[in-house]
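Here is a friendly walk through one chain, in questions and answers. Have a look at the fold before reading on.

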Amino acid sequence: MKPPRLRCLVVDDEPIIRKGLVRLLEGQNYETRAASSAEEALGMLEAEAADLVVSDIEMPGMDGVTLLGEISRRWPDTGVLMVTGQTDVRMAVQCLERGALDYITKPFQIEEARARIAQAIEKRDLILANRDYRRHLEERVREQAERIRELSVVAVQALAHALEAKDAYTRGHSSRVCAYSSAIARELGLSAAELNDLRTGAELHDIGKIGVREMVLLKPSRLTEEEYDHIKLHPVIGERILKPLLGDHPSALAVVRSHHERPDGLGFPDRLAGDAIPLVARITACADTFDAMTSARPYREAKSAEQAREELRRCAGTQLDAAVVEAFLKAYPDPAQLPIPTPGRPAFRTGSSSGRRDGPSRRKTKT
Ligand SMILES: [Fe+2]
């Protein structure tokens, strides 16, 4: 494909110089327009940008220096070449300092002018290429930093899944909580970015249990008050673990810290109430509660989907956010769909366990 012709604009109030420059540029096969004043030039640039502006400095009305400033501000990719009388050399140097590519002194030799124009165009190309390179470099650095963060989150997720896998009663819990939370979020119209943070937070909501004593975590009977207080530390521990990785994703951290808060203010760790609890955390709380109820514990059977849905309705407005419960019930109108099978975890699939789906009848889980 042929490269597009370079678009030039000549600005000079003297018709002879203007025509001379236009002829010279057209001779180089550049697409060339001409303006007799800076004001006219700005109007023409507004209609169509130019790659190169060749402008006189001294003109009635707006002068070339002001025009240069306007062009640099509004069309930073447009190169400007100044044309000056002998006495304006100082001014021309000032123009260079303000971003002009070069200057031609009047009266000029055609050959010299042609060479200076070619040099100016080359300089502009280099400046643009350099700017483009820097922009891409910054983008790449940003992308790589994000990828490193993602991989670190993936490693922590693997840890969370390993933690769950140690206990038959919690296996697959976070993935199901993540799936339920996503369905609620879609009902409530959360944006893609919010959904993404919610998913990360939901997958990791119980990561703080890493810091909970194993004998408490795996205790096959009801917890004592002291043990319950100990387990209640897990949202804060989880937030502390994830803060260095998810500092740029406060919503994901909010899920981890606040998924045990309750609208009536009786939750933990901060006893937040109502809308003071971040929406993503209220969503996760509903998903978490439903999954806990429909999962068996060592000391009790799992509730049926219908019983669990009834229980959600009963808790709406006190333990759980009413609008979130409604969104859950809308997302899963048919109790026969519930509980959902544990979603697969493609990132961590290995060997024989890959793709195994724990159906509702096989699963025994506790929160
Ligand atoms: Fe939890």
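Q: How many helices and strands does the secondary structure of the chain come to?
A: Keep in mind that this is a predicted model. Of the 367 residues in the chain, 36% count as buried. The secondary structure comes to five strands and, for the helices, 14.

Q: What radius of gyration does the chain have, set beside a compact globule of 367 residues?
A: The C-alpha trace spans about 100 × 45 × 40 Å along its principal axes. A compact globule of 367 residues would have a radius of gyration near 21 Å, whereas the chain has 34 Å.

Q: What distance separates the centres of domain 1 and domain 2?
A: The domain assignment gives two entries, domain 1 covering 7–136 and domain 2 covering 166–353. Taken over C-alpha atoms, their centres are separated by 63 Å.

Q: Which helix supplies the largest share of the largest nonpolar core?
A: This core has 40 residues, and I184, I283, C286 and F328 are those with the most contacts inside it. Helices that each supply at least two of its residues include α5 (110–165), α6 (173–188), α13 (305–315) and α14 (322–331). The largest share is nine residues, and they come from α12.

Q: Which residues is I184 in contact with, leaving aside its neighbours within four places in sequence?
A: I184 is among the residues with the most contacts inside the largest nonpolar core. With those sequence neighbours left aside, its contacts are I283, C286, A287, V324, A327, F328 and A331.

Q: How many residues does the second, separate core have?
A: Nonpolar side chains tend to be buried together in soluble globular proteins. Besides the largest core, there is a second, separate one that includes C8, L9, L45 and I71. Its number of residues is 34.

Q: Why do the buried residues of α2 line one face of the helix?
A: The helix α2 runs over residues 38–47, and its buried residues are A38, A41 and L45. They line one face because, seen down the helix axis, they fall within an arc of 55°.

Q: Which exposed residues does the face of α2 turned away from its buried side carry?
A: On the buried side, what covers the buried residues of α2 includes β1 (7–11), β2 (31–35), β3 (52–56) and α3 (64–74). The face turned away from that side carries the exposed residues G43, E46 and A47.

Definitions and conventions
Residues numbered from 1 in each chain as written. Predicted model: local features only at pLDDT ≥ 70, side-chain atom pairs only at ≥ 80, totals over all residues. Buried ≥ 20, exposed ≤ 12 C-beta atoms within 10 Å, placed from the backbone. Helix = DSSP H or I, 4+ residues; strand = E, 2+ residues; numbered from the N terminus. Arc of directions from axis to C-beta. Contact = placed C-beta atoms within 7 Å. Rg over C-alpha atoms; globule rule 2.2 N^0.38 Å. Domains from an automatic or database assignment. Core = buried A, V, L, I, M, F, W, Y, C linked by C-beta atoms within 7 Å.
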